[in-house]
Amino acid sequence: MKRTNFFFSKIAVLSGICLILMCCFIFSYAVYRDKAVPVLMYHGVGTENVKNWGDMLISPEVFEQQIKYLHDHGYKLVSVEEVSERLKMNKDVKKYIAITFDDGYLNNYTYAFPILKKYAATATFYIIPDAVGSTGYMGGPAKYMGDAEIKEMLKAGMRIGSHTMSHSDLTLLQEEQYQNELAESKRLLEQRFGTTVESIAYPYGSYNEKTVSSVKKYGYMEGVTGNTGVNTKDTYTENPMTIYRIGISNTIKDIKDFMYRIEYVKLIGFFQK
C-alpha cells in the first residue's frame with residue numbers, strides 16, 4: 001500500500017511540474033507572440049497564366065481573402081518603414097503585420113493596390129528602376145509599373161523601396177558596382193517620385209557582410225531578406241539590414257493554411273530566440 005501511495009505521489013508531483021512548465025511556456029509564448037512582427041513577401045497578384053510565374057502569382061480573390069481576414073481580425077497592415085520605426089522606438093507592435101511586394105509588377109497596381117485601399121492597408125513596393133514601365137524585363141511576359149502607377153500609389157500612402165537598379169545578385173558584384181545598384185537606384189527613385197527611400201530588398205534574397213556594409217554606407221535604414229522568420233525589437237536592433245520575411249505563394253491552400261504558416265513561423269522564432 002505504501003509503495004502504491006509513493007508511486008501516485010510521484011505521479012502527482014511530476015504532473016504538477018509539467019503543468020507549471022506548460023503554463024510558463026504558454027505565458028512566455030503569448031508575450032513573445034505580441035512582440036513578434038511578420039513581414040509578408042508577395043510578388044505577383046493577378047490573372048495571368050500561372051505557368052509563367054511558378055508559385056509567385058496568386059489570384060486577386062485569394063489575395064483579398066487574406067487581406068480581408070487580417071483586417072477583420074484586427075490586424076494592422078502597414079509598411080516595412082512603419083514597423084521598423086515602431087521596433088526602433090520600442091512601441092507596441094501587437095497584431096502588426098507589414099506587407100511587401102518585390103519587383104514592381106503592373107499587376108500589383110491593377111489588382112493588389114485597390115484591395116489594399118479597400119481594407120485601409122499600406123505596403124512597401126520594391127522597385128527596380130531599370131524595369132519601370134517595361135515588359136519582360138527579367139524574361140517572360142510580365143509588365144512592370146510605370147511612373148503614373150507608382151506616383152498614384154505613393155499619393156495613397158503606399159511606400160516604395162529599392163530592389164537595386166537592375167535586380168542583380170549583390171553578392172556577385174564588385175565594390176565599384178554597388179554605387180550604381182545601391183546608391184544610384186536610391187537617388188533615382190527619390191528624385192523621380194519625390195519620396196524618401198529608406199529600405200531595400202535584396203534580389204534573390206542574396207546578401208553577405210560586404211553587401212550589408214555597403215547598404216548602410218549608401219544611406220538605407222532597413223534591408224529585407226528572403227529569410228523566413230519574424231522580427232522583434234531584439235532582432236531589429238541586432239541588424240536592421242536583415243529583416244525576416246514570410247513568403248506568400250500560390251502553394252498556400254486557404255485561409256487556415258495562410259494563418260498556420262504565419263503562426264508556425266512565429267513559434268519557430270520563439271524557440272530560436
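Buried, in what follows, means under 20% relative accessible area and exposed means over 50%, with partly exposed in between (1.4 Å probe, protein chains only). By that yardstick Lys68, at 39%, is partly exposed, and Asp72 lands in the same class at 44%.

A word on the ground rules. This is a predicted model, where local features need pLDDT of at least 70, side-chain atom pairs count only at pLDDT 80 or more, and totals for chains, interfaces and linings use all residues. Residues are numbered from 1 along each chain as its sequence is written, and side-chain values use heavy atoms, with hydrogens and water left out.

**The chain as a whole**

The chain has nine helices and 10 strands; these are DSSP runs numbered from the N terminus, with helices (H or I) of at least four residues and strands (E) of at least two. Of its 273 residues, 46% count as buried. Take contacts (heavy atoms within 4.5 Å) between residues at least 6 apart in sequence: 65% of them join residues at least 24 apart. The chain exposes about 13800 Å², and carbon and sulfur atoms supply 56% of that. Those areas come from the Shrake-Rupley method with a 1.4 Å probe; for residues, only the protein chains shown count as cover.

**Salt bridges**

A salt bridge here is a side-chain nitrogen of Lys or Arg within 4 Å of a carboxyl oxygen of Asp or Glu. The count by this rule is nine, and the table lists some of them.

| Pair | N to O distance |
|---|---|
| Lys68 and Asp72 | 2.6 Å |
| Glu184 and Arg187 | 2.5 Å |
| Glu198 and Arg159 | 3.5 Å |

Lys68 and Asp72 sit four residues apart in helix H2 (residues 60-72), about one turn of the helix. Glu184 and Arg187 share helix H6, three residues apart, again about one turn. An α-helix has 3.6 residues a turn, so residues three or four places apart point the same way. In the H6 pair, Glu184 is partly exposed at 24% and Arg187 is partly exposed at 37%.

What about Glu198 and Arg159, whose closest N and O atoms are 3.5 Å apart? This pair links distant parts of the chain, 39 residues apart: Glu198 is in the loop between helix H6 (178-193) and strand S8 (199-201), while Arg159 is in strand S7 (residues 159-162). Glu198 is partly exposed at 23%, and Arg159 is partly exposed at 22%.

**Positive phi in loops**

Lys95 isn't a glycine, yet its phi is positive, about 65°. Lys95 belongs to the loop between helix H3 (80-88) and strand S5 (96-103), and is partly exposed at 32%. His167, another non-glycine, has a positive phi near 60°. The loop between S7 and H6 holds His167, which is buried at 8%.

**Helix H9**

H9 (residues 255-272) runs for 18 residues and reaches 26 Å from its first C-alpha to its last, close to the 26 Å expected at 1.5 Å a residue. That expected span is 1.5 Å times one less than the number of residues.

Which residues of H9 are buried? They are Phe258, Met259, Ile262, Val265, Lys266, Gly269 and Phe270. These cover an arc of only 145° around the axis, so they lie on the same side of H9; the arc is that of the directions from the helix axis to the C-beta atoms. The face turned away from the buried side of H9 carries the exposed residues Lys256, Tyr260, Phe271 and Gln272.

At the N-terminal end of H9, Asp254 acts as a cap, with a side-chain oxygen 3.3 Å from the backbone nitrogen of Lys256.

How values were computed: Polar contact = N/O pair within 3.5 Å; in protein donor to acceptor, adjacent residues only side chain to side chain.
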